[in-house]
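Me: Got a model open and want a quick tour. Can you take my questions as they come?

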Amino acid sequence: MRKVGRASGTADRSGAAGQRWAARLALLVAAGAIALLLTAAGVKSIALLLVGLAGVGATAAALWWALSRRGLIRALAAVLALLTPAAVLLAYSTVGMLWPVLSALALWAVAALIGRAALAADADRPRTEHRPAPKAEAPFLIMNPRSGGGKVGRFDLVAKARERGAEVAVLDPAHHQDVGELARRAVAEGADLLGVAGGDGTQALVAGVAAERGLPFVVISAGTRNHFAMDLGLDREDPSACLDALTDGVELRIDLGLIGERVFVNTASFGAYAMVVQSPAYRDDKVRTILRELPDLLTRDVGPRLTVRAGHVSIDAPQGVLISNNPYQLGDAAGLGRRLRLDSGALGVLGVSVDNAAQAAGLLRGQQARGLTELAATEVVIDADAPDIPVGVDGEALLLPTPVVCRILPGALRVRVPRERPGVPGSRPPVDWRALRRLAFTGSRTSRGHDRPDWRT
């Protein structure tokens, strides 16, 4: 036992040393980028930086005009958004600084990648506890043959599920069926496990029945995007691998979101996006429908005026609000759409308020932007100056009476997953240069030894 403990301690020290050296390398490469620019341009480097920042701001403003205007102004704004980056690069080339600037940017990108890796290795990775799960005696699965462009048929999911002892109900694309009622009927007839091969909206409806009856639930990644399956760590390339949960699975306890009386597994969206997806033309021509509807929605000429209350925080008249079952990762563009965990016991809340091009450019600041509100709460109330409002719930377009109340149901769902699965894609924290400096020279990311956000308001 002493040898094991000694080896473990040595490995921990070696890993910590590797993280410190990675942080030091990131700082060194970043310093090299700055030194290269200063050596090549001297004091002109400040002017080059200002030109670059102005170009980025102008491009963001032009994109805002292109989305919020119609006709000639939209066309001119689109041209400006395309030409501005080219004009900046031409200006750099004219003064002979194009390659030094591009090289410095490349070095800075490498430093950021190394820094992310160092901070990710140092970060605590939350893990949802699992427990052994006995084999279900009467599993019942609902499969949508149209989901994901026909994945049910392409991966022969019906036959493979029946080989594992499951009863399978295949939905008829030509006739609407109440999947919730189908699941309840199966439970009444003795089903001891429910599962779905389909989109996240169908998953949510059956997950609500499973939670209500206290039964385990199986997710089969046969949808298009499979956000829920991704955050459960399931195989999204081969949905048939999810069927292993029926014979060799483990059980997780995760949260569910509740909007009114309806369960959601991913998100409930309000505002501009929710109104666009209400359009009958959206399914057949998404881009044209968005471009046609957005100007009036972004300038608040149409649509209800929303008010959001989450704990002690209020958001007045946002153009868009996203309520999620557990907070999404926002610090890294590659991590958008991922949740670090599904059992934190809190809803994620993201509100966007943009009134002009300057505020649109300000969104480039990310989480520090004035027009962006990010928080978490156990209950969120969305009210409006209208008796009912459009809502997108896990991709389904609904119309709900106001006020709309969203709550979290901690640990409400028993999810059965395969013992062996790919896992959630690695999360990458935002590059915090102060944290990197502390890690490089003191071995700690924070001066207090921890830096955990309080997700509850």
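**Quick tour**

Reply: Start with L49, which sits in helix 2 (residues 44-68). Keep in mind that this is a predicted model.

Me: What kind of surface patch does L49 help make?

Reply: A nonpolar one, of about 430 Å². I46, L50 and L53 make it together with L49.

Me: And the whole chain, how much area does it expose?

Reply: About 23400 Å². Carbon and sulfur atoms supply 58% of that.

Me: How many helices and strands are there?

Reply: The protein chain has 13 helices and 17 strands. Of its 457 residues, 44% are buried.

Me: Switching to helix 7. Which residues are buried there?

Reply: Helix 7 covers residues 179-188. V179, G180, L182, A183, A186 and V187 are buried in it. They span an arc of only 160° around the axis, so they lie on the same side of helix 7.

Me: What do those buried residues pack against?

Reply: Three strands and a helix: strand 2 (139-143), strand 3 (167-170), strand 4 (193-197) and helix 8 (200-213).

Me: How many disulfides does the structure hold?

Reply: Zero.

Me: C242, then: buried or exposed?

Reply: Buried, because its relative accessibility is 1% and the cut-off for buried is under 20%.

Me: Why does C406 count as buried?

Reply: Because its relative accessible area is 0%.

Me: Last one. Take contacts between residues at least 6 apart in sequence. What share joins residues at least 24 apart?

Reply: In the protein chain, 72% of those contacts do.

Terms used. Residues numbered from 1 in each chain as written. Predicted model: local features only at pLDDT ≥ 70, side-chain atom pairs only at ≥ 80, totals over all residues. Heavy atoms only, no water. Patch = residues over 30% accessible without salt bridge, like charges linked within 9 Å, V, L, I, M, F, W, Y side chains within 5 Å. Areas by Shrake-Rupley, 256 points an atom, 1.4 Å probe, with all protein chains shown as cover. Salt bridge = Lys/Arg side-chain N within 4 Å of Asp/Glu carboxyl O. Helix = DSSP H or I, 4+ residues; strand = E, 2+ residues; numbered from the N terminus. Disulfide = S-S within 2.5 Å. Buried < 20%, exposed > 50% of the residue type's maximum accessible area, 1.4 Å probe, protein only. Arc of directions from axis to C-beta. Contact = heavy atoms within 4.5 Å.
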